[in-house]
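Me: I would like to go through this structure with you, beginning with one pair of strands and moving outward from there. Could you take my questions in turn?

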Amino acid sequence: MSFTNKVVLITGGGSGIGAATAILFTREDAQVAIVGRTEEKLTKVAEECEKYGKRPLVIKADVSIDEELNTIIDKTVTQYGKLDILVNNAGITVLTKLLDADLVQNFDKIVKVNLRAIVSLSNKAAPHIINTKGSIINVSSILSTKVRGDQIIYGSLKAALDYFTRASALDLAPYGVRVNAVNPGYTKTNLLNFFGQEDIWERLIPRIPLGKCAEASEVGNMILYLASDKAKSVTGSTYVIDNGSMHK
Ligand SMILES: NC(=O)c1ccc[n+]([C@@H]2O[C@H](COP(=O)([O-])OP(=O)(O)OC[C@H]3O[C@@H](n4cnc5c(N)ncnc54)[C@H](OP(=O)(O)O)[C@@H]3O)[C@@H](O)[C@H]2O)c1
């Protein structure tokens, strides 16, 4: 899968799935831009990518703040002259239940990152991606369909993201642009750091049919597949990668 001359923008590229995806695209010769709030994390990923030939453009931006969000597409296109692939990956979560006193506050916080930023970036990126006949990949979750009582906000927003993916695919199909989602189950990243338990990923294993969490690079490889010509007939799809967790 070569991505020579392809420009790829990845939000949340400073760790986890976004970082792994940035490295994989760089290894396949793409020109990459990575977005996140923490410059040190982005710089580390940029250095890792550089070992494979190209240093990505680092964009320090908080996607929940409009003034910063609104610069991301322009910065990428100014640097590289075009945009082929948008990976909407940045995401956050905390435990949320319907009776929580701070439920609405958490909704307002999570929706900005997990849905509003994706709507905005897709809207701004679409004209550029139409020009290149490229593609958009959204990082959703199995929790878009599998219900967990303590992820009422995160799961609801991922469900909305799946719908947004399918509707975007329909809107952009006439222009030859594909839009898909990957829906991971438990994947070893920083996402659950809020638990404050370093062994959180080991603790989850009894819940997983194949008895392991996925590596971030496995999800990254699925993203590369969906962005590649090998998936040229795939659009509006949501690809599950979860070690069987959906069914347990
Ligand atoms: N890990 C899993 O088990 C799992 C399962 C299903 C789906 N997912 C999805 O996978 C995606 C990536 O998460 P991950 O698991 O790789 O976790 P992660 O390691 O925590 O990565 C999330 C990234 O998003 C960035 N980010 C968070 N808020 C941001 C903001 N306001 N503006 C810009 N960047 C922001 C973070 O960087 P900064 O903090 O530096 O900004 C971080 O690099 C998310 O959409 C998540 O919902 C993960």
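Me: How many bridges join β4 to β5, and which residues do these strands span?
Reply: This is a predicted model. In it, β4 covers residues 85–88 and β5 covers residues 135–139, and 4 bridges join the two parallel strands.

Me: Which residue of β5 does Val-87 stand opposite?
Reply: Val-87 has Ile-137 of β5 opposite it.

Me: And the sheet as a whole: what is the strand order?
Reply: The sheet is open and has 7 strands, arranged β3-β2-β1-β4-β5-β6-β7 with parallel pairing. The edges are held by β3 (57–60) and β7 (238–241); each has a single partner strand, so one side of each has no neighbour in the sheet. From one strand to the next, the twist averages 15 degrees.

Me: What does helix α1 touch?
Reply: Helix α1, residues 16–27, packs on the sheet and touches β1 (7–11), β2 (31–36), β4 and β6 (178–184). The direction of α1 makes about 170 degrees with that of β1.

Me: Where does α4 lie?
Reply: Helix α4, formed by residues 72–80, lies across β1, β2 and β3. Relative to β3, α4 runs at about 160 degrees.

Me: Let us change topic. How many salt bridges does the structure hold?
Reply: There are 8 salt bridges. One of them joins Arg-116 and Asp-66, with 2.7 Å between the closest N and O atoms.

Me: Why does that pair tie together parts that are apart in sequence?
Reply: Because Arg-116 belongs to helix α5 (residues 103–132) and Asp-66 to helix α3 (residues 66–69), the pair ties together parts 50 residues apart in sequence.

Me: Are these two side chains buried or exposed?
Reply: Neither term applies. Arg-116 is partly exposed, at a relative accessible area of 42%, and Asp-66 is partly exposed as well, at 29%.

Me: What about Arg-148 and Asp-150?
Reply: Their side chains meet in a salt bridge, at 2.7 Å from N to O. Arg-148 has a relative accessible area of 22% and is partly exposed, whereas Asp-150 has 18% and is buried. The limit for buried is under 20%.

Me: Which residue meets Asp-199 in a salt bridge?
Reply: Asp-199 meets Arg-203, with an N to O distance of 3.1 Å. Asp-199 counts as partly exposed, at 34% relative accessibility.

Me: Now the ligand. Which residues come nearest?
Reply: There are 30 residues around the ligand, and those that come nearest are Arg-37, Thr-38, Asp-62, Tyr-154 and Thr-189.

Me: Which polar contacts can you list for the ligand's oxygen atoms?
Reply: Among them are the following three.
- A polar backbone atom of Asn-89 is 2.8 Å from an oxygen atom of the ligand.
- Tyr-154 places a polar side-chain atom 2.5 Å from an oxygen atom of the ligand.
- Thr-189 has a polar side-chain atom 2.6 Å from an oxygen atom of the ligand.

Me: Where in the fold does Thr-189 lie?
Reply: Thr-189 is in the loop between β6 and α7 (200–203).

Me: Is Thr-189 buried or exposed?
Reply: Thr-189 counts as buried, since its relative accessibility is 15%.

Me: And what surrounds Thr-189 within the protein?
Reply: Apart from neighbours within four places in sequence, Thr-189 is in contact with Gly-16, Ile-17, Trp-201 and Ala-216. In addition, the Thr-189 side chain reaches the backbone nitrogen of Leu-191 at 3.1 Å.

Note on methods: Residues are numbered from 1 along each chain as its sequence is written. This is a predicted model: local features need pLDDT of at least 70, side-chain atom pairs count only at pLDDT 80 or more; totals for chains, interfaces and linings use all residues. Side-chain values use heavy atoms; hydrogens and water are left out. Two strands pair if DSSP finds at least two bridges between them. Helices (H or I, at least four residues) and strands (E, at least two) are DSSP runs, numbered from the N terminus. Axes are lines fitted to C-alpha atoms, for helices over the stretch in contact, and angles run from 0 to 180 degrees between N-to-C directions. Contact means heavy atoms within 4.5 Å. Buried means under 20% relative accessible area, exposed over 50%, partly exposed in between (1.4 Å probe, protein chains only). A polar contact is a pair of N or O atoms within 3.5 Å; within protein, one must be able to donate a hydrogen and the other to accept it, and residues adjacent in sequence count only if both atoms are side-chain atoms. A salt bridge is a side-chain nitrogen of Lys or Arg within 4 Å of a carboxyl oxygen of Asp or Glu. A residue is near a molecule or strand if one of its heavy atoms lies within 4 Å of it.
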